[in-house]
Amino acid sequence: MRKLLVPAVFVALAIGVAACGGDDNDSNAAGNAGSGGSSLSGTIRIDGSSTVAPLSEPAAELFMQENPGVTVTVGTSGTGGGFEKFCAGETDISDASREIKEEEAAACKSSGIAYEEVSVANDALTVVVNPQNPVECMTVEQVAQVWGPKSKVSSWSDIDGLEDAPDAELDLYGPGTDSGTFDYFTDAINGEEGAQRTDYNNVGEDDNSTVTGVSGSEGGMGYFGYSFFVENQDSLKALEIDGGDGCVAPTAENTQDGSYTPLGRQLFVYPSDQALQRPEVLAFIEFYIENASAIAEQAGFIGLTDEQVTEAQEKVAGLAG
Amino acid sequence: MAAGDRAPDTARARLAVAGARAGTAATLGRTDRGERARGLIFLALLVLAVTFALTGLGALLVWAGIEGAPRLSLELFTAGPSSLSPETAGYRTAILGTLYVIGGVILLIVPIGVGAAIYLEEYADRRHWWNRFVELNVQNLAGVPSIVYGILGLAFIVRGPASFGFVAAAGSATLALLVLPTVILASREAIRAVPSSVREGALALGATQWQTIRRQVLPAAIPGVLTGVILAVARAIGEAAPLLLVGAVTFVTVDPSFFEGGYSTLPVQIFNYATRPQEVFQVLAAAGVIVMLVVLLAMNSFAIWLRNRYERQFS
Amino acid sequence: MAARDVTAFGPRTGATGSRPRLEAVSPRYGEKVVFALLALCAAISVATTTAIVVSLIVPTVGFFGEVPFADFLFGTDWAPTFADATFGVLPIVAGTITVTFWALLVAVPVGLLTAIYLAEYAPPRVRRTIKPVLEVLEGVPTVAIGLFALYFMRPLLEDVLPFLPWQGPFAVGVAGVAVGLMIVPLVSSVSDDAMRAVPGGLREGAYALGASKMKVAGRVVLPAAISGIVAAVVLAASRAIGETMIVLIAAGSTPTLSGPWELTQSVQTMTAFIGTTATGDIATGTITYDTIFAVGALLFAMTLVMNMLAIRLVRRFREVYE
């Protein structure tokens, strides 16, 4: 046993030294020592939706390149988990793929945290089918026929008024029922959040499985965020949606000008008033909004319109006081 | 009867001998042809089982290797994470985070786990209900899903009484609680397996109970204890869900430290990348699996070398 | 230690009236301290359980204030995140049981046979190589195993067994086998240690009587090591029940009430449900979020019952040598 003692103490010491010495070396990813003159420093904690994280992370990276003294960390506990930490004062900014709910707003109120809902990107919820499927466009009512809570439709030919319907069984794929995507889709199509049939393939967290499923199944149909369609355009077909004014395809332009309804949505970050008192957080949020469109496109989302940018900037200015 | 005498050649003796022979042959019979065939089949079955397990592992490694091969480079270990340029991103901060968290886990589970096992095997009187309760507890905790430990860690370690905050130490403590039952159970088996003649001999020579344990029982039990530690570390290193709840972030570019600042671990990063649509992230995730295996092998080799040494000494 | 009157250690001699005193000369405070420390270590497990119960119980009680207990326990429709929420937990319980069934079906035979091989048949060098290699299998991150099951095993199994009703990318049988593969080292390593701890004298005695290797392994060593083996199996079963990531990725998230033989179904296990919901976008403090705690409490209760049964079983069969 004695022989173990020496190496064990050594290992413990080594870990201890490394732990204490750890904060001395800040090595940034890109190692960009260039952009000089920035005197901002501090740590910014972001947490929340894993859908918005692909936006917050590049924003953080770019910001850190210009401000090497600032450390930004991004977590993905989910929109709900993010708000819980946010309203407990443990994070500075909350990523959200949906609007804050009443219970969460009440929690923030009772801990005295004020916030603003800042849009950082647009997203088009895309309905996808197998590329062999001849259907090009569906109306909202037809989609609701398929996905509605009482729906018993089991094959494509059962859908009322659908031209060129293939002679195939419906094979449905949907995202996890705890996700903002699910909430938004059900609200937009079926009129109530959470109202949807239950006999479909629930892919949970992994929208990539919707891709696998729909592309491998003749009667497949699924829905997810725009970035998943963009990445898989070769193996999937996006349906045009008729929200009352004709068939509209899910593209960046159509989402930004609002014609892709009702499935166009926004993605948000929620900064707190306390956090915005710190110069580095304020600078980061302003940076984020300014560069939001570039970041969004790089991540597969849809950028903000000029009006949205202005509105966001005004909100931030108002909250920062 | 003197040695070398033969048994009297009576019918009774003959019957007795035949009966004894038959009895022995029935239970522990000598090898005959059918027996050997069965033995070979059994051996084949054994080898098949081992091959199945090894093939499964091999397929997994090969699959990860093939998927992640395009990204394999030294950069994977030295560069920090990057969403902007995933082609050059690496796992450095995640590797360090994993090492810190797991280091903390080991520091916690070895003394506490072995201590609890010693208490349960050597000191606890099973007639007392509270000792039986502790036993049941330990066994039950082994089956609690990891995410429940995440909830526990968030409520009691990050916030609540311990109030560590979202730091690596909190992650260590949460994971330590998760794998502690594994260490305790394996250590108990190891300690139980030490023959009581060893203990009784030491006690008879005047050693106190603790001296007996420290100098005789524990050293003999070390290989089993190490197995438990190895299995526990293997489990802890692969956990993502509880750490997500307890504050591991998926993006941090600064090297972590134990008691302050954000940290990330390899499984958390890999899971994050795997659920992204872009192909380049999928490949990065697979490459991350390879990185994880390298780290795990490094950690395990030390423990296994240690276990082999102690096995040789005491078997 | 000071020399004592030797008669004090002699056998009980009622006649001479001196009872043997086998206590130490001086009160060993060090021993008492050690005892206290060790008891503290063991108490930590109790503290953990208490903490778990405490963190689970309040939201669970709140949950059952809204949802009738019978509906929860015996209902067959699990849709807590839908607008028309139903809270019948049986589908996800069935999912957990199915995954565990397949996992143990793979892990126990493979693990035990491997352990027998390692303990009784393998030459020392082979053993020293294979055992740690297998332990690597347990260290592969569950994320990776899940993805492996989804993207490699599932298509492979569909090619090998095309007559089964495969549908969609998820299948509970595949997830179960993947979990089983992962816990093989758990069964094999702990069983192997248990078998090696059987005193060599037993084996040698059997060999001397002319037993074959197979007989020694199967009839002498295995029964002697049964306590350790059962411990290994129970540990493995617990692990299979509590596994979150693999089932989340490979079994899907569609709660389905189906039997273990329907291995191509997509199901949701209790752990997968907790996993997605806790890290999803549900608002904390709602009934939907509180289902996490209710399901967690149920899981806890189930493993408790299983373990109580297992402890009884072990105690009955444990053989003590020396």
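**Exercise 1.** Which side chain of opposite charge is nearest to Glu117(A), and how far away is it?

*Solution.* Start with the ground rules. This is a predicted model, where local features need pLDDT of at least 70 and side-chain atom pairs count only at pLDDT 80 or more, while totals for chains, interfaces and linings use all residues. Residues are numbered from 1 along each chain as its sequence is written, chains are lettered from A in the order in which they are written, and side-chain values use heavy atoms, leaving out hydrogens and water.

Step 1: find Glu117(A) in the loop between α4 (102-110) and β4 (118-124) of chain A; helices (H or I, at least four residues) and strands (E, at least two) are DSSP runs, numbered from the N terminus.

Step 2: look for a partner. Lys315(A) is the nearest opposite charge, 4.6 Å away, and the buried Glu117(A) has no salt bridge. Buried means under 20% relative accessible area, exposed over 50%, partly exposed in between (1.4 Å probe, protein chains only). Lys and Arg count as positive, Asp and Glu as negative; His and the chain ends are not counted. A salt bridge needs a side-chain nitrogen of Lys or Arg within 4 Å of a carboxyl oxygen of Asp or Glu.

**Exercise 2.** Where do Arg159(B) and Glu90(A) lie?

*Solution.* Step 1: their side chains meet in a salt bridge (2.9 Å, N to O).

Step 2: Arg159(B) sits in the loop between α6 (146-158) and α7 (168-192) of chain B, and Glu90(A) in the loop between α3 (78-87) and β3 (93-96) of chain A, so the pair joins two chains.

Step 3: check exposure. Glu90(A) is partly exposed, at 24% relative accessible area.
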